[in-house]
Every structure is written in C-alpha cells, then in structure tokens.
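Here's a quick briefing to read with the model open beside you. Have the viewer ready and follow along by residue number.

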Amino acid sequence: MVHVVILFCVCLCKLAGVFAKTGEVESVLVLEGDSVILNSGLTEIMDDDLILWRFGYNKTLIAQIDATTDSMAVHDDVLDGRFRDRLKLDDQTGSLTITNITTQHNGHYQLKINSVIKNFSITVYACLPVPVISSNSSQCLSSSSYCSLLCSVVNVSDVTLSWYKENSSLSSISVSDLSISLSLPLEVEYKDKNTYSCVINNPISNQTQHLNITQLCQRCPGSVSLIVLISVAAVAGSLLIVAAVGVFLMCRKCRKSDQKVQDPEEITYIEPTFNKGKAKKTNVKEEAQVEYAPIAMRRYNINPAEDEHT
C-alpha cells in the first residue's frame with residue numbers, strides 16, 4: 001500500500017511538472033497536407049491514466065485512452081467526418097498525430113490526463129501558389145522607356161505579397177482571413193539591369209517569381225525602326241554639314257587662286273640695239289651681233305575702279 005501511494009505521488013509530481021502552466025496555449029503552425037504531432041509530454045502511460053483529446057470550443061471528443069480498461073479509440077467520424085482516417089494515437093505516450101491536415105483542422109485542441117489539462121492551437125496554412133507576373137499594358141512599348149507590370153495571386157489568405165529589387169523590399173500588400181485575389185503593380189525602366197522578383201509568403205512558407213524584363217516589356221517593331229532611322233538621319237546630317245563646310249572652304253581657296261591668275265604682270269620690252277662688228281677674213285658671211293637689254297618688270301592692277309583712284 002505504501003508503495004502504491006509513493007508511486008501515485010511520483011506520477012502526480014511528474015504530471016505537475018509537465019503541465020505546470022496549464023493556462024498557456026501551445027501554438028502549432030503547419031502547412032496544409034503535412035502531418036502534425038500534439039505531444040502529450042508523457043514518456044509512458046500509467047495503469048490508471050485516462051487520456052482524452054478534444055477539439056473545438058465545444059470540446060468534441062476525438063480520441064481517448066483508458067489505461068484502467070486497457071482501451072484506446074479514435075472518433076474520426078464526428079464533425080462531419082473531417083478527421084476520418086487522419087487520427088493516430090501513440091499507445092506508449094498518448095500523443096496525437098493528425099495526418100494530411102487541412103484548413104478544416106484549424107482550431108483549439110485540449111488534452112486532459114486525469115485532472116491535468118493542456119491546450120493547443122493549430123493554424124493550418126494553405127500551400128502557396130507561385131505569383132504570376134504580367135504586363136499591365138496591352139500594348140507594346142513605343143516612345144516610353146518605362147514598363148508597367150502586375151504581380152498577382154488568386155484565392156489566398158493570411159499572406160503578404162511583395163516586390164523586391166535585389167534583396168530590398170519595394171512594396172507589399174497583406175490579407176488576413178479572407179480568401180481573395182491580390183495584385184501589386186510595379187513600374188520599371190526598360191533598360192534596368194537590376195534583379196526584380198515578386199514574393200508571396202506566410203509565416204511558414206513562401207513562393208518567388210523572378211521578373212524577365214525583356215520578355216514582358218517588348219518594344220514595338222516600329223519603335224525600334226524609328227530609333228534606328230533617327231540615328232541614321234543624325235549621322236547623315238552630321239556628314240552633310242561636314243561636307244558642306246569642306247566644299248565652302250575649297251571654293252574659297254579656288255576663288256583666291258583665280259584672283260591671282262587674273263592679276264597678270266605687264267612686261268615691257270626694250271628694242272634691241274644692233275652693233276656692227278668688224279669683218280673677219282673668213283669665208284663665213286658677216287653676221288650682225290645682237291645684244292639684249294635688261295627687261296624691267298612692273299606690276300599693274302587691271303581693276304578699273306582702282307585705276308581711277310590712281
């Protein structure tokens with residue numbers, strides 16, 4: 001009898017240590033489709049333990065272990081069968097496992113071991129979709145160098161949608177419990193070489209979509225040709241200006257050369273003087289000796305207007 005009392009006290013102290021803070025609620029976050037284990041905190045079940053698992057604020061019984069009768073049962077057909085084939089009890093510790101969990105299993109869970117109570121709160125997050133980035137304009141880019149984009153997700157709740165430039169957040173929008181569609185705009189320059197991404201996240205997961213600017217922000221075919229045409233015209237115009245200046249300089253140089261040619265130098269000829277030499281006794285006829293006088297050159301301007309002033 002003494003041994004039984006001692007054993008009871010030891011078990012009671014053990015339970016008191018495990019559930020010393022019975023007023024606290026242990027929060028559990030889980031992704032939809034995963035499994036979650038609600039830990040009883042026991043290492044083994046005593047012969048007189050009664051373990052009860054309840055769900056919701058109505059405390060619907062979903063599983064139990066009665067060590068006194070050596071019985072264990074799960075009630076997975078309650079609440080419209082939302083727990084069907086999803087509940088598993090550990091016969092060694094009394095912990096409860098919920099498999100393939102869905103958002104229908106969100107809520108409050110209560111564990112009662114004899115007279116000790118422990119509370120759990122499960123929050124199930126749906127699998128996140130990958131954001132979709134699209135052009136916010138139905139037309140291609142023409143003269144504008146900026147591209148309007150839109151990042152969207154549908155049928156989401158408890159999420160945040162954000163635009164990132166490299167690792168810096170640019171803008172974000174959040175939604176709580178309602179399952180709605182979210183959209184977040186962004187405007188970027190067509191030639192921007194930075195890395196942009198759209199991210200949707202909740203407390204336990206995220207999905208990212210990277211932006212491909214050249215794929216979504218396409219130039220209009222005419223706008224590219226126009227740019228090329230303008231560039232060619234600018235180059236051609238520059239060449240024409242250079243050519244015109246060159247022709248002008250050449251003409252000016254030729255005009256100066258013509259003026260020099262049109263200014264002749266007047267030549268004054270002096271009549272030659274003949275001196276008769278002595279005859280020689282030869283068979284060659286006597287020839288006259290010709291002497292040329294020096295030529296004096298003087299420059300005259302043929303412009304009549306200037307001659308009048310002269």
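Below is a short tour, from the overall picture down to single residues.

This is a predicted model. The chain has 310 residues, 26% of them buried, and carries four helices and 20 strands. One disulfide turns up in a search of the whole structure, and we'll spend some time on the sheets and cores around it and elsewhere.

**The chain overall**

- The accessible surface adds up to about 21,600 Å², and carbon and sulfur atoms own 55% of that.
- Take the contacts with a separation of 6 or more: 57% of them join residues 24 or more positions apart.

**The disulfide and another cysteine**

- The bond is between Cys151 and Cys198, with the two sulfur atoms 1.8 Å apart.
- Cys151 sits in strand β11 (residues 146-156) and Cys198 in strand β15 (residues 196-202), so the bond ties together parts 47 residues apart in sequence.
- The torsion about the S-S bond is about -90°, so this disulfide is left-handed.
- Cys151 and Cys198 are both buried.
- Cys127, on the other hand, has 51% relative accessibility. That makes Cys127 exposed, because the cut-off for exposed is over 50%.

**The four-stranded sheet**

- Here the strand order is β13-β12-β15-β16, in an open sheet with antiparallel pairing.
- β13 (168-175) and β16 (205-210) are the edge strands, each pairing on one side only.
- On average, neighbouring strands in this sheet are turned by 20° against each other, direction ignored.
- β12 and β13 pair over seven bridges in the antiparallel sense, and Tyr164 stands opposite Ser169 of β13.
- The hairpin of β12 and β13 has two residues between its strands, and Glu166 takes a positive phi there, near 55°.
- β12 also pairs with β15, again antiparallel, over six bridges; Leu161 faces Ile200 of β15 as its opposite number.
- β15 pairs with β16 over six bridges, antiparallel too, and Ser197 stands opposite His210 in β16.

**Ser162, a buried serine in that sheet**

- Ser162 belongs to strand β12 (residues 159-165).
- Is Ser162 buried or exposed? Ser162 has a relative accessible area of 5%, so it counts as buried, the cut-off being under 20%.
- Leaving out neighbours within four places in sequence, Ser162 is in contact with Ser171, Ser172, Leu184, Ser197, Cys198 and Val199. One of these, Cys198, is half of the disulfide.

**The six-stranded sheet**

- This open sheet runs β1-β9-β8-β3-β4-β5, and its pairing is mixed.
- β1 and β5 are at the edges with a single partner strand each, so one side of each has no neighbour in the sheet.
- The twist from one strand to the next averages 20°.
- Five bridges join β3 and β8 in the antiparallel sense, and Phe55 has Tyr109 of β8 as its bridge partner.

**Two nonpolar cores**

- In soluble globular proteins, nonpolar side chains tend to be buried together.
- The largest nonpolar core has 25 residues, of which Trp53, Tyr109 and Ile122 touch the most other members.
- The elements giving two or more residues to this core include β1 (25-31), β3 (50-55), β8 (107-113) and β9 (116-125).
- A second, separate core has 21 residues, among them Leu149, Leu161, Leu182 and Cys198.
- Beyond its neighbours within four places in sequence, Ile122 is in contact with Val28, Val30, Val36, Leu38, Ile98, Ile101, His105, Asn106, Gly107 and Tyr109.

**Phe83, a buried loop residue**

- Phe83 is in the loop between β5 (71-74) and β6 (87-89).
- The relative accessible area of Phe83 is 0%, so Phe83 is buried, under the 20% cut-off.
- Apart from neighbours within four places in sequence, Phe83 is in contact with Phe55, Ile62, Asp76, Ile98, His105 and Tyr109.
- Phe83 and His105 are 22 residues apart in sequence, with their C-alpha atoms 7.9 Å apart in space.

Definitions and conventions:
Residues numbered from 1 in each chain as written. Predicted model: local features only at pLDDT ≥ 70, side-chain atom pairs only at ≥ 80, totals over all residues. Heavy atoms only, no water. Disulfide = S-S within 2.5 Å. Buried < 20%, exposed > 50% of the residue type's maximum accessible area, 1.4 Å probe, protein only. Contact = heavy atoms within 4.5 Å. Areas by Shrake-Rupley, 256 points an atom, 1.4 Å probe, with all protein chains shown as cover. Pairing = 2+ DSSP bridges. Axes fitted to C-alpha atoms, helices over the stretch in contact; angles between N-to-C directions. Core = buried A, V, L, I, M, F, W, Y, C linked by side-chain atoms within 4.5 Å.
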